[in-house]
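Hello,

Here is the structure I promised to pass on to you. Have a look at it first, and then read on for a short tour of what turned up.

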Amino acid sequence: MHPSAAATSAATEDAREEAIRVTDLHKSFGSVEVLKGVSLTANKGDVVAIIGGSGSGKSTMLRCINFLETPSSGQIVIGGEEIAMRADGTAANRRQIERIRTRLAMVFQQFNLWTHRTLLENIIEVPVHVLKTPRAEAVTRARELLARVGMAEKEDAFPAFLSGGQQQRAAIARALAVDPSAMLFDEPTSALDPELVGEVLTVIRDLAAEGRTMLLVTHEMKFAREVANHVVYLFKGRIEEQGPPAEVFENPKSERLKQFLSSVS
Amino acid sequence: MLGLGESAQLLSLSSPGWGANLLRGLANSLQIAFGAFGLGLLIGLLGAYGKLYGGKVTRDLLAIYTTVIRAVPELVLILILYYVGTDVINRIAAMMGYGRVEISGVVAGIWVLGIVQGAYSTEILRGAIQSVPPGQLEAARSFGMPPLMVMRRVTIPAMMSFAVPGLANLWLIATKDTALLAVVGFNELTLETKQAASSTRAYFTFFLAAGGLYLMVTLCSGVVFGWVEKWARRGQPSLKGAR
Ligand SMILES: Nc1ncnc2c1ncn2[C@@H]1O[C@H](COP(=O)(O)OP(=O)(O)OP(=O)(O)O)[C@@H](O)[C@H]1O
Ligand SMILES: [Mg+2]
């Protein structure tokens with residue numbers, strides 16, 4: 001890729017900087033253990049695609065990373081900072097979690113834009129109220145982001161008047177507005193009509209190209225293979241197989257993954 | 001029946017007429033209704049959050065509160081709360097070495113009706129909070145909003161559209177419940193009307209006038225709540241044509 005050895009080593013060094021590390025993560029709902037010891041590392045600039053069947057624990061894993069679900073046990077380190085946990089896995093320090101959450105922007109399957117606010121208001125909400133960015137600055141930045149996702153002329157629209165694809169693009173702009181160090185996508189295109197999927201994938205592809213760190217739960221195998229540099233296959237709460245997309249998709253080792261891939265394609 | 005001219009004279013604002021008394025009564029009624037409605041909202045918000053997120057004891061106590069208040073007739077509640085309340089305050093004052101405390105009618109009225117309103121508010125707001133799609137709160141939390149900010153910036157504005165129709169009803173009930181305070185001798189509109197009517201024997205004129213005033217309040221409230229509802233529903237597509 002890089003012609004000079006120096007550039008290559010600088011690039012790999014940069015790429016080695018750890019963004020998210022999950023170690024031996026367990027999560028139970030009541031007596032049902034949904035995650036049975038998951039470990040995963042994403043370095044800066046990585047795009048990690050998480051695939052797996054329904055109920056395999058993909059969403060739960062993603063939601064444990066920003067503590068929307070409290071892990072039962074394990075260790076989560078974000079940008080070198082370990083999230084303090086009590087013995088029972090509950091967060092020991094609410095403020096720490098809140099601070100870390102502002103660096104991990106999440107994009108949801110159901111978009112979850114705030115319906116009582118316009119798109120512009122949605123996007124400046126967190127910068128202005130949580131990060132205390134001056135309003136004028138936040139508005140300028142929000143307009144840039146809206147333009148970037150192709151929604152410049154919709155800043156005064158309310159979410160309910162937009163298509164799913166438009167809402168999801170706005171939700172991505174909202175996530176970008178906090179200038180996150182990593183982004184968590186939970187099936188960002190699963191709630192969309194097929195003809196709207198492309199416009200959202202285009203935006204995500206763009207983010208991958210500019211080196212954003214992303215964890216992406218998806219059922220879009222073709223897309224995962226194209227944008228991810230690492231693919232994780234979850235099966236019943238365990239990582240059954242992981243590796244570079246070329247290996248995972250073209251040369252799967254586990255029988256279950258083979259079956260899964262043939263069932264989704 | 002009195003003639004129009006005579007009625008006008010009786011209702012006139014200046015001396016021989018009783019109009020000023022009626023308006024003063026109305027002002028008192030509105031003051032209490034406002035205060036009670038506001039206090040009720042505050043109790044309701046705390047009560048709703050307590051019922052939804054509180055511990056077992058909190059939830060049980062709130063269940064008793066809302067059940068009892070909504071089961072007992074308002075008039076009885078007013079008598080109980082008023083006499084028990086003033087008695088308790090006086091006892092406490094006596095214990096601390098003060099003499100009898102003069103309790104202002106407005107303050108007492110606001111407390112008594114506020115506690116009644118709080119029970120209904122609790123239920124209205126609890127239902128409204130539960131109607132907010134959980135994803136909206138989750139999104140707020142996922143961006144690092146602390147709980148109170150989630151409540152202020154997301155839950156409360158998002159629940160308004162569900163709460164406003166119920167709260168509008170509750171406000172109208174508040175304005176009319178002030179009339180019940182006449183039984184404890186508070187000079188709100190109904191008692192002022194009764195006094196004017198019995199002094200002049202012009203019952204029909206005065207009660208018709210009072211009825212007119214209550215109707216005016218209702219009509220104005222309707223307009224105001226119409227605006228509020230329109231604001232609260234911003235961002236939601238109209239249901240018209242979506243059958
Ligand atoms: N809050 C909860 N309470 C109880 N069980 C839950 C809860 N959330 C998830 N589960 C269970 O945990 C398991 C994993 O759920 P999860 O949502 O992580 O799966 P997923 O891999 O994201 O599936 P999908 O592709 O359908 O989104 C499922 O069996 C689900 O029923
Ligand atoms: Mg899921």
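**Where the two chains meet**

Between chain B and chain A, eleven residue pairs are in polar contact across the interface, with both partners at pLDDT 80 or more. That cut-off is there for a reason you should know early: this is a predicted model.

On the side of chain B that touches chain A, two helices, α6 (134–142) and α7 (147–177), each supply at least two residues. Of the elements on that side, α6(B) gives the most, with seven residues. Sorted by class, the side of chain B that touches chain A holds eleven nonpolar, six polar and four charged residues.

How many residues does each chain bring to the contact? Chain A brings 28 residues and chain B brings 21. Together, chain B and chain A bury about 2200 Å² between them, and 58% of that area is on carbon and sulfur atoms.

There are also charged pairs to look for here. Two salt bridges are counted between chain B and chain A. If you would like one to find on screen, try E125(A) and R153(B): their side chains meet in a salt bridge, with N to O at 2.7 Å.

**Around the ligand**

Next, please turn to ligand 1. Its surroundings include a run of chain A residues, G53(A), S54(A), G55(A), S56(A), G57(A), K58(A), S59(A) and T60(A). Also around ligand 1 are F29(A), V34(A), E187(A) and H219(A). By class, this shell divides into two nonpolar, eight polar and two charged residues. Helix α2 (residues 58–65) of chain A gives the largest share of the shell, three residues.

Which distances are worth checking by eye? Here are three, each from an oxygen atom of ligand 1:

- to an N or O atom in the side chain of T60(A), 2.5 Å;
- to an N or O atom in the side chain of K58(A), 2.7 Å;
- to a polar backbone atom of G55(A), 2.9 Å.

As for cover, ligand 1 taken alone exposes 630 Å², and the protein buries 57% of that.

**Inside chain B**

Chain B has nine helices and zero strands, so to speak a run of α-α-α-α-α-α-α-α-α from the N terminus on. Its C-alpha trace spans about 70 × 60 × 30 Å along the principal axes.

One residue you could start from is I124(B), which is found in helix α5 (residues 105–131) of chain B. What does I124(B) touch, leaving aside its neighbours within four places in sequence? I124(B) is in contact with A163(B), G166(B), L167(B) and L170(B). A related pair is I124(B) and F162(B): they are 38 residues apart in sequence, and their C-alpha atoms are 8.6 Å apart in space.

**Salt bridges in the whole structure**

Over all chains, a search of the whole structure finds 24 salt bridges. One within chain A joins R94(A) to E98(A), with the closest N and O atoms 2.5 Å apart. R94(A) and E98(A) both sit in helix α3 (residues 94–101) of chain A, four residues apart, about one turn of the helix.

Happy exploring, and do write back with any questions.

Best wishes

Note on methods: Residues numbered from 1 in each chain as written. Chains lettered and ligands numbered in written order. Heavy atoms only, no water. Near = heavy atom within 4 Å. Polar contact = N/O pair within 3.5 Å; in protein donor to acceptor, adjacent residues only side chain to side chain. Areas by Shrake-Rupley, 256 points an atom, 1.4 Å probe, with all protein chains shown as cover. Nonpolar A, V, L, I, M, F, W, Y, C, P; charged D, E, K, R; others polar. Contact = heavy atoms within 4.5 Å. Buried area = accessible area lost by both parts, 1.4 Å probe. Salt bridge = Lys/Arg side-chain N within 4 Å of Asp/Glu carboxyl O.
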